[in-house]
Amino acid sequence: MASSALTPSAETPAVIPVSLKEIAPWAVLFGLLLLALLYFVGAEQGATSLISGENVHEWLHDGRHLLGFPCH
């Protein structure tokens, strides 16, 4: 029995470079979202609280422990 090698019939597509100008707005947006998330998970309680009450603290309580933030 002869073994036949499988060869791709189509050429692989060329990689199109993406410029930094196209990536920069998305990088800034996601960076700001991550900073906001980090604030709410890590610091939204006590003296630096932007939202009154304990609701945000309770919603993010397990995430604080998972990331190593003290909250007790």
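# Exercises on a predicted three-helix chain

The chain holds 3 helices and 0 strands, and the coordinates come from a predicted model.

**Exercise 1. Describe the order of the elements along the chain, and state which element has the lowest and which the highest mean pLDDT.**

Solution. Begin with the order of elements, which, read along the sequence, follows the pattern α-α-α. Next, turn to confidence: the average pLDDT of the chain is 80, and 82% of the residues score at least 70. Finally, compare the elements, among which helix α2 (residues 55–59) has the lowest mean pLDDT, at 77, while α1 has the highest, at 91. As a caution for the steps that follow, predicted coordinates should not be read in detail where pLDDT is low.

**Exercise 2. Determine what share of the residues counts as buried and what supplies the exposed area of the chain.**

Solution. Of the 72 residues in the chain, 11% count as buried, the cut-off for that class being under 20% relative accessible area. The chain as a whole exposes about 6,600 Å², and 70% of this area is supplied by carbon and sulfur atoms. A nonpolar patch on the surface is formed by Trp 26, Leu 29, Phe 30 and Leu 33, which together have about 440 Å² of accessible area.

**Exercise 3. Assign Trp 26, Phe 40 and Asp 62 to their helices, and classify each as buried, partly exposed or exposed.**

Solution. Trp 26 belongs to helix α1, which spans residues 20–42, and Phe 40 lies in helix α1 as well. Asp 62, by contrast, is found in helix α3, residues 61–67. The classification then needs two limits, since exposed means over 50% relative accessible area and partly exposed lies between that limit and 20%. Trp 26 is therefore exposed, because its relative accessible area is 54%; Asp 62 is exposed because its relative accessibility is 63%; and Phe 40, at 27%, is partly exposed.

**Exercise 4. Find which residues Phe 40 contacts beyond its sequence neighbours, and relate separation along the chain to distance in space.**

Solution. Once neighbours within four places in sequence are set aside, Phe 40 is in contact with Ile 51, Val 56, Leu 60 and Arg 64. Taking Val 56 from this list, its C-alpha atom is 7.6 Å from that of Phe 40, although the two residues are 16 apart along the chain. A further pair, Asp 62 and Val 41, is 21 residues apart in sequence, with a C-alpha to C-alpha distance of 9.4 Å. For the chain overall, among contacts between residues at least 6 apart in sequence, 22% join residues at least 24 apart.

Methods:
Residues are numbered from 1 along each chain as its sequence is written. This is a predicted model: local features need pLDDT of at least 70, side-chain atom pairs count only at pLDDT 80 or more; totals for chains, interfaces and linings use all residues. Side-chain values use heavy atoms; hydrogens and water are left out. Helices (H or I, at least four residues) and strands (E, at least two) are DSSP runs, numbered from the N terminus. Buried means under 20% relative accessible area, exposed over 50%, partly exposed in between (1.4 Å probe, protein chains only). Patches are made of residues with over 30% relative accessible area and no salt bridge: like charges are joined within 9 Å, nonpolar side chains (Val, Leu, Ile, Met, Phe, Trp, Tyr) within 5 Å. Accessible areas come from the Shrake-Rupley method with a 1.4 Å probe; for residues, only the protein chains shown count as cover. A salt bridge is a side-chain nitrogen of Lys or Arg within 4 Å of a carboxyl oxygen of Asp or Glu. Contact means heavy atoms within 4.5 Å. pLDDT is the predictor's confidence in each residue, from 0 to 100.
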